[in-house]
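Hi,

Here is the structure I promised to pass on. My notes are underneath, so have a look at the model first and then read on.

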Amino acid sequence: ETRLKDFFLFRNNSRKVGTIHFGGIYIECLLKSMICCKYHVTEGSNNNKWLVDSNEVTRPAHRLLSRDYKHLLADIYDDMSPDVEHAMEYVSDPDNVNFIDYRYRQEELVSNQEYQEFLKNFQLVFHYLQGKKREL
């Protein structure tokens, strides 16, 4: 929930780059917390690995539609409507820049249209995942 507070802090202060960056981070953290709710997860043999129910798997990275997330949260991804999947793609890579790398963008280069598009897509993904989180 701390990352969600970060997102709102940036959004409430009209800081577009921070809003987009922390919005993506929040969704990533939410997905990882859902994995931890669904499985027994511990550290793996290195920083890139997790033990999930005693099976070593690659720790999901910063691509919100990666096969790692789709495998571990198959029921959530399988239920996604095309609209939510498109929104997840946009949150993951707004303007074809991964949300993690977005922090390097210059604030004045983020158009209001791009920012509003991100907020619209973030909200769709956020509400979808919040509903799914309650099901876990």
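**What I found**

The buried residues of α6 pack against α1 (2-12), α2 (16-38), α4 (74-78) and α5 (82-92). Buried here means under 20% relative accessible area, with exposed over 50% and partly exposed in between (1.4 Å probe, protein chains only). Helices (H or I, at least four residues) and strands (E, at least two) are DSSP runs, numbered from the N terminus.

Before the rest, some housekeeping: this is a predicted model, where local features need pLDDT of at least 70 and side-chain atom pairs count only at pLDDT 80 or more, while totals for chains, interfaces and linings use all residues. Residues are numbered from 1 along each chain as its sequence is written, and side-chain values use heavy atoms, with hydrogens and water left out.

Back to α6: it covers residues 112-135, 24 residues in all, and spans 35 Å from first C-alpha to last, close to the 34 Å expected at 1.5 Å a residue (that is, 1.5 Å times one less than the number of residues). Its buried set includes Tyr115, Phe118, Leu119, Phe122, Val125, Phe126 and Leu129, and polar or charged names turn up there too, among them Glu114, Asn121, Gln130 and Lys132.

Another one to look at is Glu28, in helix α2. Glu28 is buried, at a relative accessible area of 5%. Leaving aside residues up to four places away in sequence, Glu28 touches Ala61, His62, Leu64, Tyr69, Phe99 and Ile100; contact means heavy atoms within 4.5 Å.

Then there is the sheet. It is open, with three strands in the order β1-β2-β3 and antiparallel pairing; two strands pair if DSSP finds at least two bridges between them. β1 (41-43) and β3 are the edge strands, each pairing on one side only.

β1 and β2 are joined by three bridges and form a hairpin with five residues between them. Val41 sits opposite Val52, and Thr42 has Leu51 as its bridge partner.

On the other side, β2 (49-52) and β3 (55-58) pair over four bridges, with Lys49 opposite Thr58 and Trp50 opposite Val57. That hairpin has two residues between its strands, and Asp53 in the turn has a positive phi of about 50 degrees.

Which residues of β2 point to the buried face, and which to the other? Trp50 and Val52 point to one face and are buried, whereas Lys49 and Leu51 point to the other and are not.

Cheers
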